[in-house]
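Trainee: Got a minute to go through this model with me? I'd like to start inside and work outwards.

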Amino acid sequence: MKTGTLYVSDMDGTLLSSDSRISAFTAASLQRLADSGILFTVATARTAATVEPLLNGITTAPYAVVMTGAALWHRPSGSYTDCRFLAPELQQLAIATCHNAGIYPFVYTLKKGNILDVYHAGATLNNSEEIFYKERCNLPLKRFHLSTPPPDSAATKTLLLFAMGPRKDIELAVNGLKRLTPCYVSCYPDIFDPETAFLEIFSPGVSKASAINMLKEKLGAEKLTVFGDNLNDLPMFDIADTAVAVANAHDAVCEAADIRIGPNTDDSVARYILTKEAMTD
């Protein structure tokens with residue numbers, strides 16, 4: 001395996017095509033690159049429950065950055081590592097702040113090794129939450145507990161609070177969280193519906209950037225190239241030797257990028273790496 005450049009790509013809106021899957025061309029290209037020793041992995045807001053099926057059959061670097069950097073997923077052993085848990089007192093304060101804004105977050109807890117227990121205390125799910133839940137409720141690495149608050153125990157290990165809803169409500173929660181807590185808060189628009197926003201709440205210091213720095217050291221990579229499209233990708237742009245935005249990226253991401261390539265619908269990440277590596281051979 002080469003230790004020159006580590007390539008790290010966001011998934012939704014960047015590596016994935018319009019159907020939220022990895023195309024046959026990109027899958028074959030990534031495998032060809034892996035076979036030649038190229039270091040490639042993903043950094044995503046997703047959990048391993050959806051990352052692993054999407055990467056099935058594709059060889060990557062041993063670790064993927066998941067939950068925006070709250071943990072690494074070690075693919076060979078099928079387990080979470082290097083977890084950054086939210087302190088119980090911060091979790092309670094963050095949940096209360098969200099509730100005051102009318103937001104009920106999904107609470108992601110890790111009990112043993114690789115299974116996430118996800119709690120949602122709201123009486124009902126909004127439309128976005130319902131779609132999200134139905135797409136994930138039968139995945140083997142995740143269990144949902146609806147209309148159920150997380151266990152009130154110091155032993156509960158929470159990695160992430162995740163919410164989705166109308167942008168104005170999410171922004172109200174974000175303002176409160178940034179004013180009242182030291183938590184790392186990530187807020188970004190839905191790539192399919194800009195009037196809907198996503199909210200992620202983590203332990204202080206969590207980000208794609210901090211996790212990628214850890215990963216780069218583990219793998220012994222000398223340089224870093226990253227690919228992204230949305231606001232939660234900006235921290236990893238700051239630490240990259242080369243930051244690459246897809247054509248469909250948020251304006252702020254395009255402005256922060258060193259290079260702009262084609263859209264996610266054109267296999268642009270795979271094509272860029274193939275071209276770059278061909279030039280260095």
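Trainee: Leaving aside neighbours within four places in sequence, which residues is Phe 106 in contact with?

Mentor: Keep in mind that this is a predicted model. With those neighbours set aside, Phe 106 touches Val 118, Tyr 119, His 120, Leu 125, Glu 129, Phe 132, Phe 144, Leu 146, Leu 160, Leu 161, Phe 162 and Met 164.

Trainee: And which residues have the most contacts inside the largest nonpolar core?

Mentor: Phe 106 is on that list, along with Met 67, Tyr 80, Phe 162 and Ile 273. The core itself has 73 residues. Helix α3, residues 48-55, gives the most to this core, with five residues. There's also a second, separate core of 20 residues, with Leu 86, Leu 90, Ala 94 and Leu 177 among them.

Trainee: Back to α3 for a sec. Why is it described as largely enclosed?

Mentor: Because six of its eight residues are buried, α3 is largely enclosed by the rest of the structure. The buried ones are Ala 48, Ala 49, Thr 50, Val 51, Leu 54 and Leu 55. Just after the helix, Gly 57 takes a positive phi of about 85 degrees.

Trainee: What about the loop leading into it, where Thr 44 lies? Is Thr 44 buried or exposed?

Mentor: Buried, with a relative accessible area of 1%. Thr 44 lies between β2 (39-42) and α3. Beyond its neighbours within four places in sequence, Thr 44 contacts Asp 10, Met 11, Val 51, Val 65, Val 66, Met 67, Thr 68 and Lys 208.

Trainee: Met 67 again! Where is it placed?

Mentor: In the loop between β3 (63-66) and β4 (71-74). Met 67 has a positive phi of about 50 degrees, although it isn't a glycine. Most residues other than glycine have a negative phi. Met 67 also counts as buried, at 0% relative accessibility.

Trainee: Ser 147 has a positive phi too, right? What's its value, and where does Ser 147 lie?

Mentor: About 55 degrees, and Ser 147 is not a glycine either. Ser 147 lies in the loop between β8 (142-146) and β9. With a relative accessible area of 48%, Ser 147 is partly exposed.

Trainee: Let's switch to rings. How many aromatic pairs are there?

Mentor: The count comes to 10. One of them joins Phe 106 and Phe 132 in a tilted arrangement, 5.4 Å centre to centre with 45 degrees between the planes. This pair links distant parts of the chain: Phe 106 belongs to strand β6 (residues 106-112) and Phe 132 to helix α5 (residues 127-136), 26 residues apart. Both Phe 106 and Phe 132 are buried.

Trainee: Which residues do ring pairs link into a cluster?

Mentor: Phe 106, Phe 132, Tyr 133, Phe 144, Phe 162, Tyr 188 and Phe 198. If you like charges over rings, look at Arg 271, which lies over the face of Phe 25, at 4.2 Å from the ring centre.

Trainee: Last topic, pockets. How much space lies in the largest one?

Mentor: About 930 Å³. The largest pocket is lined by 36 residues, and the closest to its centre are Asp 12, Arg 46, Phe 132, Glu 135 and Arg 136.

Trainee: Which elements give two or more residues to that lining?

Mentor: They are α3, α5, β9 (158-166), β10 (184-189) and β11 (196-202). Helix α5 gives the most to the lining, with five residues.

How values were computed:
Residues are numbered from 1 along each chain as its sequence is written. This is a predicted model: local features need pLDDT of at least 70, side-chain atom pairs count only at pLDDT 80 or more; totals for chains, interfaces and linings use all residues. Side-chain values use heavy atoms; hydrogens and water are left out. A nonpolar core is a set of buried Ala, Val, Leu, Ile, Met, Phe, Trp, Tyr and Cys residues joined through side-chain atoms within 4.5 Å. Buried means under 20% relative accessible area, exposed over 50%, partly exposed in between (1.4 Å probe, protein chains only). Helices (H or I, at least four residues) and strands (E, at least two) are DSSP runs, numbered from the N terminus. Contact means heavy atoms within 4.5 Å. Rings of Phe, Tyr and Trp (its six-membered ring) pair if their centres lie within 6.5 Å; planes under 30 degrees apart count as stacked, over 60 as edge-to-face and the rest as tilted. A charge sits over a ring if NZ of Lys or CZ of Arg is within 6 Å of the ring centre and within 35 degrees of the ring normal. On a 1 Å grid over the protein atoms alone, a cavity is a set of points where a 1.4 Å probe fits but cannot get out, and a pocket is an open set with protein on both sides within 12 Å along at least five of seven lines; lining residues have an atom within 4 Å of a point. Grid points are joined across faces, edges and corners, and a volume is the space filled by probe spheres set on the points.
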